[in-house]
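Here are a few exercises to work through with the structure open beside you. Try each task before you read its solution.

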Amino acid sequence: MIKYALGCAEGHRFDSWFPDSDAYEKQRKRGLVACPECGDIRVEKAIMAPAVVGGERGAVETPAEVLTDDRRRHARDMIVRLRREIEANTDDVGARFPEVARAIHQGDEPERAIRGRASLKEAKALIEDGVGVLPMPALADELN
Ligand SMILES: [Zn+2]
């Protein structure tokens with residue numbers, strides 16, 4: 001199972017579980033992934049890394065081609081704000097993220113929200129072990 005932070009075209013954010021990333025893509029293309037608030041099926045996910053533990057956070061990462069300039073600016077502003085908020089409220093553990101996240105989960109380290117880098121494989125392993133991992137919102141131009 002994989003948990004995605006999703007967002008609809010109206011800007012609502014929600015989390016959803018999928019068996020794997022292929023299942024997510026298939027369900028989304030068939031219009032089966034809808035926003036719980038407004039029912040919008042124009043849904044996009046944020047990328048998996050770097051990841052954040054703790055807190056209810058996620059963001060919309062929307063393909064540039066379907067957005068007007070205004071919406072792109074708006075989405076970008078939202079992501080920048082969200083990232084600032086995450087950075088202000090989490091402890092940066094960098095490449096030690098998977099190790100520290102697991103230690104917090106097992107109670108070996110004080111409970112707190114952390115952020116850092118994890119590969120997709122590491123993030124998946126953490127989720128399988130029941131550790132809460134959320135993607136850090138990325139700006140569209142950083143994904144290339
Ligand atoms: Zn919505």
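The model is predicted, so please read each solution in that light.

**Exercise 1. Residue partners in the sheet**

Task: Find which residue stands opposite Ala 5 in S2, and which residue of S2 is the bridge partner of Lys 3.

Solution: Begin with Ala 5, which faces Asp 15 in S2. Then go to Lys 3, where the bridge partner in S2 is Trp 17. Both pairs belong to the contact between S1 (residues 2–8) and S2, two antiparallel strands joined by six bridges. Finally, look at the hairpin of S1 and S2: four residues lie between the strands, and Gly 11 takes a positive phi near 95° there.

**Exercise 2. Strand order and edges**

Task: Work out the order of the three strands in the open sheet, and say which strands stand at the edges.

Solution: You already have the pairing of S1 with S2, antiparallel with six bridges. Now add S3: S1 and S3 are also paired in the antiparallel sense, over three bridges. Gly 7, for example, stands opposite Glu 44 in S3. Put together, the order of this open, antiparallel sheet is S2-S1-S3. Strands S2 (13–18) and S3 (43–45) are at the edges; each has a single partner strand, so one side of each lacks a neighbour in the sheet. On average, neighbouring strands here are turned by 40° against each other, direction ignored.

As a last step, check how well S1 is covered: five of its seven residues are buried, so the strand is mostly covered by the cut-off of 20 or more other C-beta atoms within 10 Å.

**Exercise 3. The buried side of a helix**

Task: List the buried residues of helix H3 (residues 97–105), and decide how they are placed around the axis.

Solution: The buried residues of H3 are Phe 97, Pro 98, Ala 101 and Ile 104. Around the axis they cover an arc of only 130°, which puts them on the same side of H3. Continue past the helix and you meet Gly 107, which has a positive phi near 85°.

**Exercise 4. Classifying one residue**

Task: Decide whether Arg 76 is buried, partly exposed or exposed.

Solution: First locate Arg 76, which lies in helix H2 (residues 69–89). Next, count its surroundings: 15 other C-beta atoms are within 10 Å. A buried residue needs 20 or more and an exposed one has 12 or fewer, so Arg 76 is partly exposed. To finish, look along the chain to Pro 137, 61 residues apart from Arg 76: their C-alpha atoms are separated by 10.0 Å.

How values were computed
Residues numbered from 1 in each chain as written. Predicted model: local features only at pLDDT ≥ 70, side-chain atom pairs only at ≥ 80, totals over all residues. Pairing = 2+ DSSP bridges. Axes fitted to C-alpha atoms, helices over the stretch in contact; angles between N-to-C directions. Arc of directions from axis to C-beta.
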